[in-house]
Amino acid sequence: MPGSRFPAIAFVALILFAHTAVASPDAPVAIDVGVVVASNEGTTIDPALSSIQNKLKSMFNYTSYRMVDRLKRTLSVGETGDFGLPGNRSMRATPVPAKGNKVRLAVQIMEGDRNLLSTTLGLTRGGMVLVGGPSHQKGVLILIISAE
Amino acid sequence: MSADDKVRHPDEDLVRSALGGDEGAFRDLLERYKRRAYGVALGIVGDPDEAQDVVQDAFVKAYYKLSNFRFGANFYTWFYRILVNQAIDRWRKTSRSPTISFDDAWVSGETSEPGAMVYPKTPEELAGNRELAEGLTRAIAALPEYHRTVILLREVEGMAYEEIARVLDCSVGTVMSRLHYARAKLKDALKGFRER
Amino acid sequence: MECGETRQMIQDHIDGLLPPRVSEKFREHLGGCAPCASEEAELRGVGDLLRLWSAVRVEEREPQLSALWARVGAGIEERRKPWLVPLLRRWFWLPAAAAVAVLTLLFYPLNGSMAPFHPKSFDVTVESLESDTATVALVDKGEELPRVIWIIENGNT
């Protein structure tokens, strides 16, 4: 029966286009954090960094980029998420109210009780920012933070 | 089921028999691992009834996936992958409360001088200290789910990093990072406890 | 070995990861430093406490766990029922299900932790930036590259 194919086609179309819809300003924010140790020990580049490895090489002088953790949380506006980082460090992120297709995040990076960084960032959904510098093992930590 | 049973009837032999239609062999595997599986599931989902459902569902799933088990691999690592995935899925679906902060999870106790931390030594001592037992339950629940899973598999199950990495399908580096974070957070959450 | 260095190694020591010579120096330091020894004991104690906790909680559930096989057996039987057959007879759902599976795998890779990054934009506004204990710098190398917030810890360059 030809008519009965419509639900299947409509369902497929919904899946195709759902991810391109503009999110409402209060929609939850999916935060993705790649925890990378950059160093000059070897020449490993984690496969997950393949699409941005040229950009990393343009920005930094390290020869090795090893991803030691990948953390994902979906948070509502006002909800704080805790992300554990190596070396007794942690990151706290809270989506704060934003307009349109933007995301605003209040981010804090702590080492024990010490506040290493407090910042408020505004990104478009799907945007990316890097936070780095704390030493770890024989290199430095670089956090690859994106929000959807 | 004793350690002797495990030597006499290794897991692989029981899997082979179960695949041959011997349901009793699958039951032996269940009896062998059910308590440990419940302990891990409870640590992840937090609720005893939910944990029991998770264990039941994991064993049913394992029964129907038994033909996927690769001989030579560790049965309990293979089974725990099914169990942990079930537990984490269940926790994500049923966890309605907002993220418990570590401030709420801290065990209250008498203030005391630094360097005088005393933990209970036996299950009976811990069972007798309701405040500490409940505080520890809250502190475990406050950990992110994968960090909670790693510390349970390492400290309670005694699994090696490589085994945990296989269960969670991540790198050994990620396992260690999460373990260290979880241990530090739980240690901080237990500050202030003193043996009364 | 200084306290700062020792504290960084405590968890590696608990997990048996320190090389023998380093482990020896670590233990020597613990022998003469009460605060570091206390920190090590507390961290090590977390594992002991978790094992006790698990033993207690499992014991509480012993009556229900004794009957687990009955429930699992019922679950196995339930799945054996041929409820799938009438559904599979509606064959025209299969092409749609296959299409959804392919599209899902395209957009959502099975292993999230390994999925590559695909940033859509590097347009980031830094509304505020501060630190109590380090120097922070904002590095901008052009529109085609991500903005970087760099933390320079005290004593480092």
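Student: Let's start at one spot: which residue of β3(C) stands opposite A:L130?

Tutor: A good place to begin, with the reminder that this is a predicted model. The partner of A:L130 is C:V148, a residue of β3(C). Now widen the view to the strands: β7 of chain A, residues 127-136, is joined to β3 of chain C, residues 148-153, by 3 bridges.

Student: Do those two strands run parallel or antiparallel?

Tutor: They run parallel.

Student: How should I read the sheet around that pair, and what is its strand order?

Tutor: Trace it strand by strand across the sheet. The order is β2(A)-β1(A)-β8(A)-β7(A)-β3(C)-β2(C), which makes 6 strands in an open sheet with mixed pairing.

Student: Which strands are at the edges?

Tutor: Look for strands that pair on one side only: these are β2 (64-75) of chain A and β2 (134-139) of chain C. You can also follow the twist from one strand to the next, which averages 20 degrees.

Student: How many helices and strands does each of these two chains have?

Tutor: Chain A has 2 helices and 8 strands, while chain C has 7 helices and 3 strands. Then read the order from the N terminus. Chain A runs α-β-α-β-β-β-β-β-β-β. Chain C goes α-α-α-α-α-α-α-β-β-β.

Student: What share of the residues is buried in each chain?

Tutor: Here a cut-off helps: a residue counts as buried when 20 or more other C-beta atoms lie within 10 Å of its own. In chain A, 34% of the 148 residues are buried. For chain C, buried residues make up 15% of 157. You can also ask how far apart in sequence the contacting residues are. Taking contacts with a separation of at least 6, those between residues at least 24 apart come to 43% in chain A and 30% in chain C.

Student: And how do I read a nonpolar core? Which residues touch the most other members of the largest one?

Tutor: The general idea is that nonpolar side chains tend to be buried together in soluble globular proteins. In this model, the largest nonpolar core has 64 residues, and B:A41, B:V55 and B:L83 touch the most other members. Helix α3 of chain B, residues 23-45, supplies the largest share of this core, with 11 residues. Among the residues that B:A41 touches, leaving out those up to four places away in sequence, are B:A51, B:V54 and B:A87. There is also a second, separate core of 40 residues, including A:V33, A:Y65, A:L141 and A:L143.

Student: How many residues of chain B are in contact with chain A?

Tutor: 10 residues of chain B are in contact with 8 residues of chain A. On the chain B side, helix α11 (residues 172-189) gives the most, with 6 residues. By type, that side holds 4 nonpolar, 5 polar and 1 charged.

Student: One backbone matter: which residue in the loop between β7 and β8 of chain A should I inspect?

Tutor: Try A:Q137. This residue is not a glycine, yet has a positive phi of about 50 degrees. A:Q137 counts as partly exposed because it has 15 C-beta neighbours inside 10 Å. For another case, go to the loop between α10 (161-168) and α11 of chain B, where you will find B:D169. Its phi is near 55 degrees, again positive in a residue other than glycine.

Conventions:
Residues numbered from 1 in each chain as written. Chains lettered and ligands numbered in written order. Predicted model: local features only at pLDDT ≥ 70, side-chain atom pairs only at ≥ 80, totals over all residues. Core = buried A, V, L, I, M, F, W, Y, C linked by C-beta atoms within 7 Å. Buried ≥ 20, exposed ≤ 12 C-beta atoms within 10 Å, placed from the backbone. Helix = DSSP H or I, 4+ residues; strand = E, 2+ residues; numbered from the N terminus. Contact = placed C-beta atoms within 7 Å. Nonpolar A, V, L, I, M, F, W, Y, C, P; charged D, E, K, R; others polar. Pairing = 2+ DSSP bridges. Axes fitted to C-alpha atoms, helices over the stretch in contact; angles between N-to-C directions.
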